[in-house]
Amino acid sequence: MLEVNNIDVYHGNLQALWDVSLEVGEGERVSLIGANGAGKTTIVETVSGLLTPASGSMVFNGVRLDKEPSQRVVRLGVCLVPEERGIFFGMSVLENLELGAFHKKSRKVKDETLESVYGLFPLLKDRSRQVAGTLSGGEQQMLAIGRGLMSKPKLLMLDEPSLGLAPIIVKNIFEVIKQINRSGVSILLVEQNVRIALGLAQRAYIIENGRIIQHGDAKDLLSDEQVKDAYLGTG
Amino acid sequence: MMFGLVAQTFINGITIGAMYGLIAVGLSLTFGVMKILNVAHGEFLMIGGYIAFWLFTRYDIDPLLGLPLVAIALFLFGAVFYKILFSGLVKFHEEIKMKNTLLVAFGLSLIFPQVARWLWTADERGITPFYSGGSFPILGVRIGYVPLAGLIVAVVVILALHLLLTKTYFGKSVRATSENYKAAKLVGINVNRTYLVTFSLGAALAGLAGVLVVMTQAVVPDMGMAWTIKALIVVVLAGIGSVGGAFFAGILLGVIESVSAIFMGPYTVALGMGIFLLILMFRPQGLFGKA
Amino acid sequence: MNNWKQFSINGGILVLLILVPLITSRTDVLTWLYLTLVYIALSQSWNIIGGYTGQINLGHAAFFGIGALAARYIWLHFGLPLPLAVLGGGLASMIFALAIGVLVFRLKGIYFIIGTLVLAEILRLIFYTILPEADVMPMKLLGAYSLVPRYYLSLLIAVITVAVVYWISRSRLGLGLMSIRDDEDAAEASGVDTQRYKLLAFNISTFLAGLTGGIYAYYSAAFRAGGLFEPVWTFDAVIIVFVGGVGTIAGPIIGSVFFVLLKQILSLYLPGGLHVAVFGVLFIIVVLYLPGGLIELMTKFRKRTSAGDQ
């Protein structure tokens with residue numbers, strides 16, 4: 001479904017990614033794990049069209065993504081729920097959700113999608129008239145995911161959805177992510193919290209200093225001694 | 001007698017202030033959404049005034065009927081200049097973007113008056129339709145037809161803009177872009193197009209204000225900067241972001257000016273500028289710190 | 001070798017400029033040179049704060065105006081000797097800059113730009129109101145009016161401003177100023193007292209602008225006080241510096257020569273003021289594509305031709 005082949009990405013003059021390749025299959029749940037600053041966010045931002053790779057290619061369902069602007073990428077069915085959520089604080093919850101269905105195809109079925117998002121996050125329905133800036137952290141994360149779903153994505157990328165949230169809320173949100181996946185949406189998850197990430201994903205890639213150093217089944221990685229040492233800290 | 005004077009002063013302040021508000025919303029819009037401080041805003045206004053003057057003298061089109069034509073002309077005008085000069089700058093880091101776009105607009109503000117002088121000479125141009133000079137009394141206060149028309153135009157345009165920004169998908173995309181550029185891209189908004197339209201809309205608003213200026217006062221090639229400064233004062237009073245805020249701040253400035261004109265005479269204009277400087281210096285966020 | 005060559009060229013030009021009034025008495029030539037020198041002084045003084053320090057001061061006219069007005073009063077109305085008057089003009093400007101400096105530098109970036117613009121506008125409005133009458137030179141002086149001493153005064157002030165900028169560009173002060181221009185926060189972090197440096201640059205710049213105002217006080221037969229504060233005094237200086245080459249010594253000089261030349265040539269064929277439009281276009285081109293101005297263009301060109309020779 002999504003194929004990223006050997007991309008190099010620069011921030012200005014600084015190279016951030018070296019020869020990164022990865023794959024997400026139809027209906028799959030995949031995680032990118034690694035330390036802060038390893039380049040996880042850069043990968044998903046590049047896929048979503050915020051950054052352009054200097055070399056390499058990205059293909060989604062047979063369409064080249066690497067030169068496409070973000071609005072085209074969204075229309076093709078790839079949506080990123082960004083780090084720190086990117087909520088429009090001054091606008092109402094409903095307006096935020098409506099903006100999620102910005103491109104024409106999703107705008108047509110906006111009302112049905114809205115109902116299904118409310119089904120996943122009933123809380124958003126109660127708060128629909130409220131200004132988004134007044135929501136709590138967990139509610140904002142739900143809104144961000146809900147807004148992402150409004151674009152009717154085939155692939156949903158989530159950047160650190162657990163950031164700054166209480167464990168119980170994180171658990172909740174990850175339940176919903178699984179539910180979204182069951183409805184046929186592929187998931188590409190960026191997480192610093194390796195245990196949760198590997199708990200959710202079927203496969204995972206480990207990033208270090210802008211390079212992919214390892215990948216495999218989540219279960220195998222969970223029991224890998226090196227991974228345990230480096231990321232799980234329990235030994 | 002005293003009441004009449006006070007009421008008249010306020011009415012005058014409100015009618016001129018509504019026009020100030022209209023001038024300021026365009027400037028506020030472009031700065032709020034794209035962080036471009038268009039210091040050529042007053043020059044766009046000047047050009048709008050001259051187009052209305054042309055329409056009136058050459059084609060006998062009443063300035064009020066000419067409003068949509070001027071708006072369209074200035075919209076296209078703004079779009080062309082944005083495409084050629086500004087669109088390449090928006091990708092830069094915010095501080096550099098703000099400075100360089102301001103400098104480009106500053107360059108335009110030097111060029112336009114010279115071109116206008118060449119096209120229309122340096123003479124004052126005004127429009128006097130048949131109803132100008134007419135007025136009607138209410139409660140001992142005289143209200144001129146032209147200022148009243150100006151007030152109505154300003155209110156209608158600002159209401160329409162408010163509805164556009166809050167009720168339509170386009171308007172929501174503009175507000176979203178101004179709040180969070182990156183998130184706007186991620187929901188699929190074509191930010192470059194939003195910028196183009198926003199800038200052009202700002203120019204169109206300036207053009208509409210120019211029609212009011214040519215009707216109630218007059219246009220000269222060199223007047224642009226004075227109007228830009230007027231708009232800046234209003235925007236500073238209002239804070240950025242809300243269209244209604246700019247409108248009411250415009251009225252506030254209009255009333256302050258017409259009241260202080262009684263006591264301070266020619267220093268009135270300097271008073272507005274003084275308020276501007278004080279707010280600028282003593283509000284840590286700079287003028288348009290978000291409320 | 002290059003230094004020596006440069007030095008002799010500059011010396012030669014200076015000697016030529018000193019000799020001009022002895023060679024010709026054509027007033028048009030003298031006026032043309034006088035104007036160029038005034039623009040050099042004005043733009044070079046702006047260059048210190050705008051070019052080297054990166055603070056785009058759009059209120060430079062205020063300091064030119066204060067200098068001119070103070071010099072005129074000291075010279076004509078108090079009857080003191082001209083050199084004292086011109087110096088007094090410079091000092092008056094600097095004192096005003098000292099008084100408002102701390103407040104003005106509360107503003108950063110674009111807020112500094114529009115803030116200084118409005119500041120000068122306030123002064124312009126005030127002076128048009130409190131001094132509405134034209135200030136005319138007494139008949140006695142007008143009768144004996146000669147361009148030559150005006151020319152020499154402008155030459156002297158222009159040389160002083162260029163020398164000051166030259167000194168700044170090679171001093172620690174200049175390094176500090178340029179570090180502020182490039183990245184104020186980084187400069188602050190690396191130990192530059194940015195506030196003090198900015199104030200210092202502001203004071204030197206305004207002192208020189210005041211001296212330049214002094215030339216005008218001596219030159220002008222009649223003016224209205226408010227007219228000395230017209231934004232055009234600022235804007236001409238700004239576009240000359242940018243088009244010539246911002247933050248360089250030669251830039252404002254070349255810019256001024258080009259500006260006056262263009263003004264003269266265009267005024268033969270077209271209505272006045274279009275040279276400003278042309279410079280406006282050049283200004284925008286410089287901002288968008290050629291941050292080094294004409295100087296950069298000339299260096300590139302020279303490099304290319306010398307590379308072609310080899």
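This is a short tour of a predicted model with chains A, B and C, one selection at a time.

**Stop 1: chain B, coloured by confidence**

Start by selecting chain B and colouring it by pLDDT. The average for chain B is 88, and 96% of the residues score at least 70. Where in chain B is confidence lowest, and where is it highest? The low end is strand 1 (residues 135-138) of chain B, with a mean of 80, and the high end is helix 3 (residues 63-86) of chain B, at 95.

**Stop 2: Ala71(B)**

Stay with helix 3 of chain B and pick out Ala71(B), which sits in that helix. Buried or exposed? Ala71(B) has a relative accessible area of 17%, so it is buried. Now show what surrounds it: apart from neighbours within four places in sequence, Ala71(B) is in contact with Ala204(B) and Leu208(B). For a sense of scale, draw a distance from Ala71(B) to Val236(B). Their C-alpha atoms are separated by 25 Å, and the two are 165 residues apart along the chain.

**Stop 3: where chain B meets chain C**

Add chain C to your selection. Here 35 residues of chain B are in contact with 38 residues of chain C. Together the two chains bury about 3300 Å², with 86% of that on carbon and sulfur atoms. Highlight Phe106(B), Met225(B) and Met281(B): these three supply 17% of the area that chain B buries against chain C, more than any other three residues.

How many salt bridges are counted between chain B and chain C? The count is 0. As for polar contacts, 1 residue pair across this interface qualifies, with both residues at pLDDT 80 or more. Next, colour helix 4 (94-120), helix 9 (224-238) and helix 11 (268-282) of chain B, since each supplies at least two residues of the side that touches chain C. Helix 4 of chain B gives the largest share, 13 residues. Sorted by type, the chain B side of this interface has 29 nonpolar residues, 5 polar and 1 charged.

**Stop 4: where chain A meets chain B**

Hide chain C and bring in chain A. This time 24 residues of chain A are in contact with 17 residues of chain B. Chain A and chain B bury about 1900 Å² between them, 62% of it on carbon and sulfur atoms. Try selecting Gln71(A), Phe88(A) and Phe102(A), which supply 31% of the area that chain A buries against chain B, more than any other three residues.

There are 8 residue pairs in polar contact between chain A and chain B, both residues being at pLDDT 80 or more. On the chain A side, helix 2 (70-76), strand 6 (78-81) and helix 3 (93-100) of chain A are the elements that give two or more residues. Helix 3 of chain A has the largest share, with 4 residues. By type, this side of chain A divides into 12 nonpolar, 6 polar and 6 charged residues.

**Stop 5: salt bridges between chains A and B**

The structure holds 21 salt bridges over all chains, and the count between chain A and chain B is 3. Select Lys182(B) and Glu45(A), whose side chains meet in a salt bridge at 2.7 Å, N to O. Lys182(B) is in helix 7 (residues 181-186) of chain B and Glu45(A) is in helix 1 (residues 40-47) of chain A, so this pair joins two chains. Lys182(B) is partly exposed at 37% relative accessibility, while Glu45(A) is buried at 12%.

Next, select Glu98(A) and Lys172(B), another salt bridge at 2.7 Å, N to O.

**Stop 6: two pairs inside chain C**

Bring chain C back and select Glu230(C) and Arg124(C). They form a salt bridge, with the closest N and O atoms 3.7 Å apart. This pair links distant parts of the chain, 106 residues apart: Glu230(C) is in the loop between strand 2 (222-224) and helix 11 (231-244) of chain C, and Arg124(C) is in helix 5 (residues 109-130) of chain C. Glu230(C) is partly exposed at 23%, and Arg124(C) is buried at 16%.

Then go to Asp193(C) and Arg196(C), where the side chains meet in a salt bridge at 3.8 Å, N to O. Asp193(C) is partly exposed, with a relative accessible area of 38%, whereas Arg196(C) is exposed at 52%.

Technical notes
Residues are numbered from 1 along each chain as its sequence is written. Chains are lettered from A and ligands numbered from 1 in the order in which they are written. Side-chain values use heavy atoms; hydrogens and water are left out. Contact means heavy atoms within 4.5 Å. Buried area is the accessible area (1.4 Å probe) that two parts lose on being put together, summed over both. A salt bridge is a side-chain nitrogen of Lys or Arg within 4 Å of a carboxyl oxygen of Asp or Glu. A polar contact is a pair of N or O atoms within 3.5 Å; within protein, one must be able to donate a hydrogen and the other to accept it, and residues adjacent in sequence count only if both atoms are side-chain atoms. Ala, Val, Leu, Ile, Met, Phe, Trp, Tyr, Cys and Pro count as nonpolar, Asp, Glu, Lys and Arg as charged, and the others, Gly among them, as polar. pLDDT is the predictor's confidence in each residue, from 0 to 100. Buried means under 20% relative accessible area, exposed over 50%, partly exposed in between (1.4 Å probe, protein chains only).
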